Each structure stands twice: as structure tokens, then as C-alpha cells.
Amino acid sequence: MTEPTANMTVDGDRLWDSLMEMARIGPGVAGGNNRQTVTDEDGEGRALFQRWCEAAGCSMGLDQMGNMFARREGSDPEALPVYVGSHLDTQPTGGKYDGVLGVLGGLEILRTLNDLDIRTRHPIVVTNWTNEEGTRFAPAMLASGVFAGVHAQDWAYDREDHDGKKFGDELARIGWKGEEEVGARKMHAFFELHIEQGPILEAEGKDIGVVTHGQGLSWTQVTVTGKESHTGSTPMPMRKNAGLGMARILDKVDEIAWSHKPDAVGAAGHIEVFPNSRNVIPGKAVFTVDFRSPELAVIEDMEARLRKEAQAICDEMGLEVAFEKVGGFDPVTFDEGCVTAVRAAAERLGYSHRDIISGAGHDACWINRVAPTAMVMCPCVDGLSHNEAEEISKAWAKAGADVLLHAVVETARIEG
């Protein structure tokens, strides 16, 4: 067995060209992509990925959730494969790199090994996980969640989009519903390359983020109920303003998150006010508080304080309040051995790096439950993602793929 050497690197131009060619499928309106899960555009992107993988000498597997598995054989047919990948689906106004870099970076590994005529003991499998984004069919990371046993497959099939179409029906319609049992595959390890989706790496001038943990997430839907009344004729002391109650609670949300700095965050992105009329004091406000932290105890503390503080605010204002936990997952600690392989790869290749916590959910967070897992991150301009203006450089893409190559090949073991 031999270790990967520093001169073993990917073809950055070929990787970039592949990213740009995939981006032609499902173009957005402002330079990005709209290739939402199990749409015709998703099907077209999948077909292109399959053609590329077969041209690289791989066989393609497809399970009942539409997860794609491109396999490069190893020298030991009994050895468990090393998996690598991410997702090809995008947000409605998504960028060209979120998820796609991880899938095509995995493909570039296979192409590079072919170029160098290198054989590994363990097979290497590049994966495209279905519906990571969750924007059309909630929740996010749906198919990897079924694979890891987090979600029931029938439940996933019954998820509906805004038009009432079911995930399972749409998957079958586009022709990418396979026969393979979901989760039947066993993995030696799993690696995922992804853009950071945050500003830290670029701000600090680091080439690589070595992802040690994934933040846990808690979504609590809060409903504040007051009384609708005329904004002009209702005296201030007699108002039951649900909108004002919401504002005071959201100020408290910010305070709670700050109290657990620097890693905890909190805000409300989904907000509805009823009746949402210019001259009516809101009688009801519904909003979802998103708390995140890499520590479960911190998430639990923030949840408890939200309920306590919001209840106190509403009691004082004569408002009613109700809470519903509508989503979440516990923090993730990635496998020490896989993380070490990523860190060692960055050092071997001379790339600047730092340990980092993923602020977003990824397929790796679910796969970590069933296999040793780690992530590699590269910077993105201004930390911008889930936006058509999302951008990375060719050098960043190559650096991330180089580190991915070394971590995967070291784990898969070169035949010397």
C-alpha cells in the first residue's frame, strides 16, 4: 500500500468545465440555476451525470428514492466502498455550486485515478442524493434521511409540493425511481465536499475548511393571538397587538442567541401577520424561530428560554401564545478518523486550512449516523449561497477537490 503524494491533484480546468456544463441545465433568471428536485430539469442533470460516470468506466446504481451511485471497482471485491458525493438539485433561485461541486468533485476523483492508472483496494462510489434542498418537498436532506433510517420511505413518498404533487409520483414520472432497497448499502466511509455557505473562510483567507461538527437545528413555530381592531380608533391602552408581541419576542430571540456566542445563532425567517391590512391591528402573528448550535445543551436552553420569555411577554400584554416544534435535528460530530484524513490532506498539499463548524444541514449529517463521515469545505464569495449570485473561484474548487481526492484515496488505500 502507498500513500497519496503531493503531486497527485485533480484537473481543475476539467472540473470547472463540468460545473459550467451542468449549470446549463435548469438555468436561473439571474445567472444561477433552478433545477429543483424531481423536475424535468433534475432528470436532465441526472442523465448528464450518468453519461459522464459511464464514460469514466463506472457502473450506476439507483435506489427507490432516486439516489444515484456511480461505482469504480477496487481490487478487493469484499472491501466496503468509500462513498463520496452531495446533491445535484438546487433552490428555485440557486447557485451553480451548492451541492453540485460535491458531486462533480467526486466524479473528478474517478477521472483523475483513471488518468494516473491508480487502483484502490476499496471501491469508490460517487453519490447524488435526491432532494437535499427540501425547497419543493420538505424536509431537506429527504433521501439521505430515508437511507439513514431517519424517515420512513412511504412518508417521504407522500410529501407534497405547493401544487399538491407527491414526491414519489414525481420521482417515478421523471424516470429516476430505482428498484434497489434504500439503505441496503454498507459504507467504509463517506466524504462530502461543499461550499461553505458562510463568510469565514474567505474572510480569513483560508483555502479549506475541515468540518469537525454540524450545527444542530431547532424550529419552533410560535403563534401569538391578540385582537384585530382599527389602527386609528383603538386607544393605545386597549390594544391587543399580536404584531407588537411578535416584535418583542423576536428581540428576545436575538438576545438569547447572543448569550451563547460565538457559535449559536437564532432568527425568524418565516413570518405571517393576520389580517395583514394597513389599518388593522394584527390579531394573530405566526412565525418560526430557527435556533442553531453545535451543542445540544445550548439548543435545549434556547428552546426553553424562548418558551419562558415569550410566555412572559404575552402574559404582560394580554396576548395568547402557542408553541409547536416543527423541525430539527441534533448536532453532529463527524468521525475523528475521517476528519484527520481531511486535515492531513490539506497539510500534505500545502493548502491553508482551519477547523470549521457547518452552519447548514447536509446529507453528510444523516449519513454520519450509519458510516464514518467527514466534510471538506471551500470558500464562497461573501459567504453568499441559496442565491443566483453564489460564486466561487476555479482555484477554490480545485483546492477542495484536491483535498477530497487525497482524503478519499487515503481511506480507500492505493494498491502499490
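**Close-up views of the predicted model**

**View 1. Glu133 sits in the loop between β4 (124-128) and α4 (142-147).** The model shown in this and the following views is a predicted one. With a relative accessibility of 8%, Glu133 counts as buried, because the cut-off for that class is under 20%. Once neighbours within four places in sequence are set aside, the residues in contact with Glu133 are His87, Asp89, Thr90, Gln91, Asp98, Ala140 and His386. Two of these partners, Asp98 and His386, return in the next view, where they share an annotation with Glu133.

**View 2. Asp98, Glu133 and His386 are the residues covered by the UniProt annotation "binding site", which comes from an unreviewed entry.** Although these residues span 289 residues in sequence, no two of their C-alpha atoms are more than 9.6 Å apart, so they gather at one spot. Asp98, Glu133 and His386 are also included in the lining of the largest cavity.

**View 3. His386 lies in the loop between β15 (373-378) and α12 (394-412).** Is His386 buried, partly exposed or exposed? Its relative accessible area is 40%, so His386 is classed as partly exposed, whereas Glu133, at 8%, counts as buried. When residues up to four places away in sequence are not counted, His386 touches Gln91, Thr93, Asp98, Glu133 and Gln197. Within this set, the side chain of Asp98 makes a polar contact with the side chain of His386 at 3.3 Å.

**View 4. Glu390, which is in the loop between β15 and α12, is buried yet has no salt bridge.** Which side chain of opposite charge is nearest to Glu390? That side chain belongs to Lys96 and is 7.6 Å away; a salt bridge requires a side-chain nitrogen of Lys or Arg within 4 Å of a carboxyl oxygen, so the pair does not qualify. The backbone of Lys96 is placed otherwise, its nitrogen lying 3.4 Å from a polar atom of the Glu390 side chain. Leaving out residues up to four places away in sequence, Glu390 touches Gly95, Lys96, Tyr97, Asp98, Ile195, Leu384 and Ser385; Asp98, one of the residues under the "binding site" annotation, is thus among the contacts of Glu390.

**View 5. Arg71 and Glu73 join their side chains in a salt bridge, with an N to O distance of 2.9 Å.** Side chains of opposite charge can pair when their charged atoms come close. Both ends of this bridge are partly exposed: Arg71 has a relative accessible area of 22%, and Glu73 has one of 46%. In the whole model the count comes to 20 salt bridges.

**View 6. In helix α6 (residues 167-173), Arg173 forms a salt bridge with Glu170, the closest N and O atoms being 3.0 Å apart.** Because Arg173 and Glu170 are three residues apart in this helix, about one helical turn separates them. The two ends differ in accessibility, since Arg173 is partly exposed at 45% while Glu170 counts as buried at 7%.

**View 7. Glu180 and Arg185 meet through their side chains in a salt bridge of 2.5 Å, N to O.** Glu180 is partly exposed, with a relative accessible area of 23%, whereas Arg185, with a relative accessible area of 19%, is buried. Elsewhere, salt bridges that share partners join Asp40, Arg136, Asp161, Glu170 and Arg173 into one network, and the bridge of View 6 is the one between Arg173 and Glu170.

**View 8. Residues 215-314 are covered by the UniProt annotation "domain: Peptidase M20 dimerisation", taken from an unreviewed entry.** Over residues 215-314 the chain is 36% helix and 34% strand, and the C-alpha atoms at the two ends are 30 Å apart.

**View 9. Arg292 has its place in strand β11 (residues 284-293).** A relative accessibility of 17% means that Arg292 counts as buried. What does the side chain of Arg292 reach in Gly359? It reaches the backbone oxygen of Gly359, at 3.1 Å, and the Arg292 side chain also makes a polar contact with the side chain of Asp290 at 3.0 Å. Not counting residues up to four places away in sequence, the residues that Arg292 touches include Gln215, Gly216, Leu217, Trp219, Asp263, Ala264, Val265 and Met302, together with Gly359, Ala360 and Gly361.

Note on methods
Residues are numbered from 1 along each chain as its sequence is written. This is a predicted model: local features need pLDDT of at least 70, side-chain atom pairs count only at pLDDT 80 or more; totals for chains, interfaces and linings use all residues. Side-chain values use heavy atoms; hydrogens and water are left out. UniProt positions are given in the numbering used here, feature names are shortened, and annotations may be inferred rather than shown by experiment. On a 1 Å grid over the protein atoms alone, a cavity is a set of points where a 1.4 Å probe fits but cannot get out, and a pocket is an open set with protein on both sides within 12 Å along at least five of seven lines; lining residues have an atom within 4 Å of a point. Helices (H or I, at least four residues) and strands (E, at least two) are DSSP runs, numbered from the N terminus. Buried means under 20% relative accessible area, exposed over 50%, partly exposed in between (1.4 Å probe, protein chains only). Contact means heavy atoms within 4.5 Å. A polar contact is a pair of N or O atoms within 3.5 Å; within protein, one must be able to donate a hydrogen and the other to accept it, and residues adjacent in sequence count only if both atoms are side-chain atoms. Lys and Arg count as positive and Asp and Glu as negative; His and the chain ends are not counted.
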